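Dear colleague,

Please find below the structure that I am passing on to you, together with its sequence. My notes on its internal space and on one helix pairing follow directly after it.

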Amino acid sequence: MATTEECRAALDKLSDNMAGAGGDVRSAAALDRSLSCHITDLDVTFSGRLEDGRIEVLDTRQGPPAEKAQIRLAMTGDDLVAMVDGELNFAKAWAAGRVRLEASFRDLLRLRTLL
């Protein structure tokens, strides 16, 4: 089982990957939205912002998100690490119910390029 530190490192790596991307991926990541990622098996939530193609984690807390972010993710720590490392396909994990993504319809359309 992935640790809180490994999950935080995975989010940092994802942020670096998005910041270094070009084309459609870069433009899809160029949103300015509040973001939460709830790690279900650890019952930890990382909250912050997706801004200028980077994820900035501003808070880490036990339990579910304190506030409803504009983009909300929920998954196990192992799935987060596997997705960032390229070992798990987001679309397949989402279709299988292993990952939950909630956002406005407009944001989902933009984010599909990332996924």
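The lining of the largest cavity in this predicted model is made up of L11, L35, S36, C37, F46, S47, G48, R49, I55, E56 and V57. The volume of this cavity is about 40 Å³, and the count of cavities of 30 Å³ or more comes to 1. Three strands, β1 (33-39), β2 (44-51) and β3 (54-62), each contribute at least two residues to the lining. Strand β2 provides the largest share, with 4 residues. By class, the residues around the cavity comprise 6 nonpolar, 3 polar and 2 charged.

I also examined the open spaces. The second largest pocket holds about 150 Å³ of space. Its lining consists of S34, L35, S36, S47, G48, D59, R61, P65, A66, E67, K68 and A69. Strands β1, β2 and β3 again appear here, each with at least two lining residues. For this pocket, β1 is the strand that gives the most, namely 3 residues. The classes are represented by 4 nonpolar, 4 polar and 4 charged residues. You will see that L35, S36, S47 and G48 are listed among the residues lining the largest cavity, and that L35, S36, S47 and G48 are also listed for the second largest pocket.

The remaining notes concern two helices. Two packed helices are described by the angle between their axes and the distance between the axes. Helix α1 (residues 4-20) packs with helix α3 (residues 77-84) at an angle of about 30 degrees, and their axes lie 9 Å apart. Because angles under 35 degrees count as roughly parallel, α1 is roughly parallel to α3. Their crossing is left-handed.

On the α1 side, the contact involves E6, C7, A10, L11, K13, L14 and N17, which meet G77, L80, V81 and V84 in α3. Sorted by class, the residues of this contact are 7 nonpolar, 2 polar and 2 charged. One residue links this part of the account to the beginning: L11 takes part in the contact of α1 with α3, and L11 is also one of the residues lining the largest cavity.

When you inspect the model, the lining of the cavity, the lining of the pocket and the contact of α1 with α3 may serve as starting points.

With kind regards

Technical notes: Residues numbered from 1 in each chain as written. Predicted model: local features only at pLDDT ≥ 70, side-chain atom pairs only at ≥ 80, totals over all residues. Heavy atoms only, no water. Axes fitted to C-alpha atoms, helices over the stretch in contact; angles between N-to-C directions. Parallel < 35°, antiparallel > 145°, perpendicular 65-115°, else oblique. Left-handed = near helix turned anticlockwise from the far one by under 90°. Contact = heavy atoms within 4.5 Å. Nonpolar A, V, L, I, M, F, W, Y, C, P; charged D, E, K, R; others polar. 1 Å grid on protein atoms, 1.4 Å probe; cavity = no way out; pocket = protein on both sides within 12 Å on 5 of 7 lines; lining within 4 Å. Points joined across faces, edges and corners; volume = space filled by probe spheres on them.
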